[in-house]
Amino acid sequence: MAEPDSSAPLPLSVWPTAQQSAASQRNGRYVPGSTAHPAKMLPAIARQAIAAYSQPGDLLLDPMCGIGTTLVEAILLGRDAIGIELEARWAELASANIAHACRHGATGTATVLTGDARHLAHLVDPHLAGRVALVLTSPPYGRSLHGQVTARPGRGVAKFDNVYSANPANLGRVDQPILLDALQEILVGCRQLLCPSGLLVLTARPYRHHDQLVDLPVQLTQVAETAGLVLFERNAALLVGLREDRLVPRPSFFQLDRVRKARARGLPLRIIAHEDVLVFRRPSMSAGSR
């Protein structure tokens, strides 16, 4: 089959993934300390991507696994998984979540490795090259978008769990050009681990920095293509609930705060209520082979 025309618009499908709140999606499936991570992938997004793009018994990889959402949802669906995490704190939580899932009937197996995903070749068993069926990850982005708050009557709110790490090398703390260069290194390593029919899925959303829109999904597409991958599918995961016949956004406090402050200055911003799910393949794979 001929390569698809890269200039042609990609079909867009919509995933209604947040009919339950994030807390409800994790309740009973993850250990309580998991809420401390400031930027967790929604379990519903991970679960739908794994079900759509892999088969039971497949090997999955998340090179920036955080608390292990990809790994937990993979083993609960009968896949095996490997996660890489730079921060020992999150790696320990990911291992705890895997153990928790195994106690509750998970049939797959998962391993968490602590290290920098830019050095995948030195972290992952070289015998796994060409055996990974699906890479699924969510890069860090938008430092001001994440975390939790607690109300303080008469004194506003207090923010907490709103930073990835105190480590300046953590990609959640670096500037955008450094982040994109690092992600290119990571994606090159991931491509080398993919089997011939393997897929790589990135989830991310646009965000605003100093009121300017940062189209991170487009930037990630360019980075992935530079890393030798081909975009062939784009999905929008709706971050909304359903109330009777109406869609109700589920924004974070940080998103609401930024939009309200911008509107007070006369800038008519809107809540971003979706997450892009970008699906890439290796160039040698024909579009209809899966």
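Here is a short walk through two places where helices pack against each other in this predicted model.

Let's start with helix H3, which covers residues 69-76, and helix H4, which covers residues 88-103. Their axes come within 9 Å and cross at roughly 20 degrees. Angles under 35 degrees count as roughly parallel, so H3 is roughly parallel to H4. As for handedness, the crossing of H3 with H4 is right-handed. If you would like to find the contact in the structure, look on H3 for Leu71, Val72, Ile75 and Leu76. Their partners on H4 are Asn97, Ile98, Ala101 and Cys102. Sorted by class, this contact between H3 and H4 holds seven nonpolar residues and one polar residue, with no charged residues.

Now move further along the chain to helix H6, residues 176-193, and helix H7, residues 216-226. Here the axes lie 9 Å apart, and the helices pack at an angle of about 45 degrees. How are H6 and H7 oriented to each other? With that angle, H6 and H7 are oblique to each other. H6 passes H7 in a crossing that is right-handed.

The side of this pair that belongs to H6 is made by Gln176, Leu180, Leu183, Gln184 and Leu187. Facing them in H7 you will find Leu216, Gln219, Leu220, Val223, Ala224 and Thr226. In the contact of H6 with H7, seven residues are nonpolar and four are polar, while none is charged.

Methods
Residues are numbered from 1 along each chain as its sequence is written. This is a predicted model: local features need pLDDT of at least 70, side-chain atom pairs count only at pLDDT 80 or more; totals for chains, interfaces and linings use all residues. Side-chain values use heavy atoms; hydrogens and water are left out. Axes are lines fitted to C-alpha atoms, for helices over the stretch in contact, and angles run from 0 to 180 degrees between N-to-C directions. Helices (H or I, at least four residues) and strands (E, at least two) are DSSP runs, numbered from the N terminus. Angles under 35 degrees count as roughly parallel, over 145 as roughly antiparallel, 65 to 115 as roughly perpendicular and the rest as oblique. A crossing is left-handed if the near helix is turned anticlockwise from the far one by less than a right angle, and right-handed if clockwise. Contact means heavy atoms within 4.5 Å. Ala, Val, Leu, Ile, Met, Phe, Trp, Tyr, Cys and Pro count as nonpolar, Asp, Glu, Lys and Arg as charged, and the others, Gly among them, as polar.
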